[in-house]
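Welcome, and thanks for opening the viewer. Let's take a short walk through this molecule together, one selection at a time.

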Amino acid sequence: MPDGQAGSKARGAASDRAELPTWDLRDLYPSPDSPQLAADLDHAEAEGKAFAAAYAGKLAEMSGAALAAAVSEYERIEETLGRVM
């Protein structure tokens with residue numbers, strides 16, 4: 001491919017990226033260094049460690065109701081992490 005064509009394709013790809021939408025995520029957290037974000041990360045870490053301590057190696061022996069409760073707890077932790085991501 002001649003040099004002019006390669007440069008043209010690269011510029012085209014860059015302009016395509018420039019047209020992508022920009023999402024305003026301030027409804028989730030006001031900024032990447034917000035105290036709310038840090039608090040959610042700390043809380044999710046603590047909950048994740050507690051979850052692991054409570055359920056690691058025990059899932060196979062749990063009743064259906066206990067497993068459902070564990071899944072519900074996991075989903076609550078995952079909801080916070082999903083917002084963070």
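Start by selecting E47, which sits in helix α2. Keep in mind throughout that this is a predicted model. Is E47 buried or exposed? With a relative accessible area of 16%, E47 falls under the 20% cut-off, so it counts as buried. Now show what E47 touches: apart from neighbours within four places in sequence, E47 is in contact with R76 and I77.

**The whole chain**

Zoom out and colour by secondary structure. You will find three helices and zero strands, and from the N terminus the order reads α-α-α. The chain has 85 residues, and 13% of them count as buried. If you switch on a surface, the accessible area comes to about 6,700 Å², with 60% of it belonging to carbon and sulfur atoms. How do the contacts spread along the sequence? Among those between residues at least 6 apart, 52% join residues at least 24 apart.

**Helix α2**

Next, select residues 35-55, which make up α2. At 1.5 Å a residue, the 21 residues of α2 should span 30 Å, and the end C-alpha atoms are indeed 30 Å apart. Which residues of α2 are buried? Highlight L37, D40, A44, E47, F51 and Y55. Look down the axis of α2: these buried residues fall within an arc of 95°, so they line one face of the helix. The spacing has a simple background: an α-helix has 3.6 residues a turn, so residues three or four places apart point the same way.

Turn the view around. On the face of α2 away from the buried side, select P35, D42, K49 and A53, which are exposed. Then step past the end of the helix to G57, which follows α2 and has a positive phi, near 75°.

**Helix α3**

What do the buried residues of α2 pack against? They pack against α3, so select residues 64-84 next, because these are the 21 residues of helix α3. Their expected span at 1.5 Å a residue is 30 Å, which agrees with the 30 Å between the end C-alpha atoms of α3. In α3, pick out A70, I77 and T80, which are buried. They cover an arc of only 80° around the axis, which puts them on the same side of α3. The packing can be read from this helix too, as the buried residues of α3 pack against α2. On the other side of α3, you can select the exposed residues G64, A65 and E79.

Stay in α3 and centre on A70. A70 is buried, with a relative accessible area of 2%. Leaving out neighbours within four places in sequence, A70 is in contact with F51, Y55 and M62. Try a distance label between the C-alpha atoms of A70 and F51: the two residues are 19 apart along the chain, and the label should read 8.1 Å.

**The largest pocket**

For the last stop, select L25, R26, L28, Y29, P30, S31, P32, L37, G82, R83, V84 and M85, which line the largest pocket. How much space lies in the largest pocket? There is about 190 Å³. Which element gives the largest share of the lining? That is α3, with three residues. L37 is a familiar name here: it is one of the lining residues and also one of the buried residues of α2.

How values were computed. Residues numbered from 1 in each chain as written. Predicted model: local features only at pLDDT ≥ 70, side-chain atom pairs only at ≥ 80, totals over all residues. Heavy atoms only, no water. Helix = DSSP H or I, 4+ residues; strand = E, 2+ residues; numbered from the N terminus. Buried < 20%, exposed > 50% of the residue type's maximum accessible area, 1.4 Å probe, protein only. Contact = heavy atoms within 4.5 Å. Areas by Shrake-Rupley, 256 points an atom, 1.4 Å probe, with all protein chains shown as cover. Expected span 1.5 Å × (residues − 1). Arc of directions from axis to C-beta. 1 Å grid on protein atoms, 1.4 Å probe; cavity = no way out; pocket = protein on both sides within 12 Å on 5 of 7 lines; lining within 4 Å. Points joined across faces, edges and corners; volume = space filled by probe spheres on them.
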